[in-house]
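Let's take a walk through this one together. Have the sequence and the structure open side by side, and we'll go from the overall picture down to single residues.

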Amino acid sequence: MTILRTSRPLRRWRIGMTAMAAALAVASLSLAGCGGGSGASDGTTKLTFASWDAAEPATRQSTLDLVKQFETEHPNIKVSISPIPFSDIEQKVLLQVQSGSAPDVVQTASNYTADFNAAGALEPLDTRAGQDYLAEIPQNVADVSRVDGKLVAVPWAVQPVGFWYNKKLMAQAGLDPQSPPKTIDELLTDLKAIKAKLPGVIPLGVDSTNRVFGLDVNWSWMRTFGAEPIASSGAQATTPEMANYLNFMRTLATEHYTEVNQKIGYFRPLAAQNKVAFSWDQPILEPTMKSASKMDDKTFQDTWGVTTLPAGPGGQKFSVPQDHQLAIMKSSKAKDAAWTFIQWMTRNEKALNHVVADKGALPPVSKPSDAVNALVEKDSALKAFRDDVAPTMVRPPWGPKYAKAYDPIMVGVQQMMTGNQPVTAVADEMQSKLQGALQ
């Protein structure tokens with residue numbers, strides 16, 4: 001499987017868990033209140049696993065079932081799940097690291113991995129993984145899990161970000177449902193038609209929130225316009241290319257082509273109700289919409305398609321990796337058992353079936369079993385992610401500087417979308433703040 005060409009700072013943590021996580025705890029999931037796993041008097045090893053999949057309705061039960069299956073096959077290892085929402089997991093786990101109560105295994109992604117590693121919290125995995133394990137992972141997929149060349153996590157679910165289009169809504173707007181927009185100019189034309197013909201529909205769902213994920217998904221759009229506000233040479237927010245991107249975002253807002261300052265999760269249930277025409281989202285959108293709308297596979301594939309991001313002035317198309325990864329915390333007292341768990345979660349056929357069927361993602365191995373591969377082959381959206389979207393991916397410059405840079409950049413994006421300042425004024429302010437953040 002050919003996947004890609006790879007080329008959050010801490011938020012204020014809301015004290016206490018969300019209602020969802022609290023409800024899950026009541027439902028008998030044990031929270032990781034004590035640190036790394038340890039042996040019990042009966043010879044079993046206890047692990048704690050911090051996971052946002054266990055806190056989200058679409059993947060909660062399947063994650064619990066998967067862990068139960070692991071425990072059945074490994075009766076000497078017991079896994080206590082700590083369900084933490086995606087938006088909270090980085091800050092909560094880092095606080096646990098500081099207090100000496102970190103989990104053994106953590107589900108992580110994008111800049112979370114870089115931040116955990118910068119805090120000295122992750123166990124290096126190159127030696128533990130070994131050549132045989134690594135040989136099954138495409139090099140560019142494994143590289144997403146590396147920091148400074150060292151493997152600090154392993155890929156669990158490959159999650160490119162793709163351009164979803166609703167064929168039925170396109171047809172209702174007088175557009176060709178088999179021909180989604182291929183360029184930014186075509187996209188703007190299609191958004192205008194959808195807004196005019198379907199006033200109750202959001203033309204484009206795109207996350208514009210001031211958080212690391214917001215910058216992640218906007219990084220592709222910036223690169224499409226030729227902009228890289230964070231470069232090896234420092235802040236680059238005042239380029240003509242960045243001005244073009246910012247003006248595009250202002251157009252999306254002023255023409256009411258999107259809803260400003262909304263998380264991607266805001267658009268997903270609306271997409272399931274056919275109230276979003278285009279959406280810039282991960283493969284997880286498919287199982288989320290199916291769960292919300294009870295659509296069968298055929299109805300879904302007749303309604304939704306996936307393609308690459310429309311090309312910008314330079315003709316190039318970009319995506320970003322949002323792969324879900326698993327990592328061992330350095331403080332764990334049960335690293336061998338933790339690695340056994342991670343190996344099973346990333347190689348066992350039942351676990352990879354969960355990745356594809358429940359998480360809606362691509363498996364992390366180049367040659368999955370025939371049964372797992374068949375799940376991908378029968379899903380036109382996943383095939384498009386694998387064959388078309390993933391090869392356009394570029395890795396954002398994740399790391400401590402990226403964690404400091406998201407706020408100046410996304411504040412500027414929101415200023416463009418909600419205000420009327422000239423683009424030069426917004427870009428100048430962004431440049432000044434970026435320079436201060438990157439020092």
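**Rings, charges and a few odd corners**

Start with a charge and a ring: Lys290 lies over the face of Phe300, with 5.4 Å to the ring centre. Keep in mind throughout that this is a predicted model. There's a second arrangement of this kind to look up, where the charged end of Lys359 sits over the ring of Trp156, 4.6 Å from its centre.

Now stay with Phe300, since its ring has an aromatic partner too. Two numbers are handy here: a pair of aromatic rings is described by the distance of the centres and the angle of the planes. Trp164 and Phe300 form an edge-to-face pair, 6.0 Å centre to centre and with 75° between the planes. Trp164 belongs to strand E8 (residues 162-166) and Phe300 to helix H13 (residues 297-303), so this pair ties together parts that are 136 residues apart in sequence. Both Trp164 and Phe300 are buried.

Trp164 has another partner as well. With Trp304 it makes an aromatic pair that is again edge-to-face, at 6.4 Å between centres and 75° between the planes. This pair also links distant parts of the chain, as Trp164 is in strand E8 while Trp304 is in strand E13 (residues 304-307), 140 residues away. Trp164 and Trp304 are both buried.

How many aromatic pairs does the count come to? The total is 17. Beyond the pairs around Trp164, have a look at the aromatic cluster formed by Trp221, Phe225, Tyr245, Phe248 and Trp280.

Time to zoom out. The chain has 19 helices and 14 strands. Its radius of gyration is 21 Å, close to the 22 Å that the globule rule gives for 439 residues, so the chain is as compact as a globular protein of that length. If you'd like a box around it, the C-alpha atoms fill one of roughly 70 × 50 × 40 Å along the principal axes.

What about inside and outside? Buried residues account for 58% of the 439 in the chain. The accessible surface of the chain comes to about 17,000 Å², and carbon and sulfur atoms contribute 49% of that. On the charge side, the chain carries 43 positive and 43 negative side chains, and the centres of the two sets lie 3 Å apart.

For a look at the buried part, pick Val93 in helix H3 (residues 86-99). Is Val93 buried or exposed? Its relative accessibility is 0%, and because buried means under 20%, Val93 counts as buried. Its C-alpha atom is separated by 8.0 Å from that of Ala50, a residue 43 positions away along the chain.

Finish with two loop residues whose backbone deserves a glance. His256 has a positive phi of about 60° although it isn't a glycine. You'll find His256 in the loop between helix H10 (240-254) and helix H11 (264-272). At 52% relative accessibility, His256 counts as exposed, because the cut-off for that label is over 50%.

Lys294 is the other one: its phi is positive, about 60°, and Lys294 is not a glycine either. Lys294 sits in the loop between helix H12 (285-293) and H13, and H13 is the helix that holds Phe300. With 70% relative accessibility, Lys294 counts as exposed, whereas Phe300 is buried.

How values were computed. Residues are numbered from 1 along each chain as its sequence is written. This is a predicted model: local features need pLDDT of at least 70, side-chain atom pairs count only at pLDDT 80 or more; totals for chains, interfaces and linings use all residues. Side-chain values use heavy atoms; hydrogens and water are left out. Helices (H or I, at least four residues) and strands (E, at least two) are DSSP runs, numbered from the N terminus. The radius of gyration is taken over C-alpha atoms; the globule rule is 2.2 Å times the number of residues to the power 0.38. Buried means under 20% relative accessible area, exposed over 50%, partly exposed in between (1.4 Å probe, protein chains only). Accessible areas come from the Shrake-Rupley method with a 1.4 Å probe; for residues, only the protein chains shown count as cover. Lys and Arg count as positive and Asp and Glu as negative; His and the chain ends are not counted. The place of a charge is taken as NZ of Lys, CZ of Arg, CG of Asp or CD of Glu. Rings of Phe, Tyr and Trp (its six-membered ring) pair if their centres lie within 6.5 Å; planes under 30 degrees apart count as stacked, over 60 as edge-to-face and the rest as tilted. A charge sits over a ring if NZ of Lys or CZ of Arg is within 6 Å of the ring centre and within 35 degrees of the ring normal.
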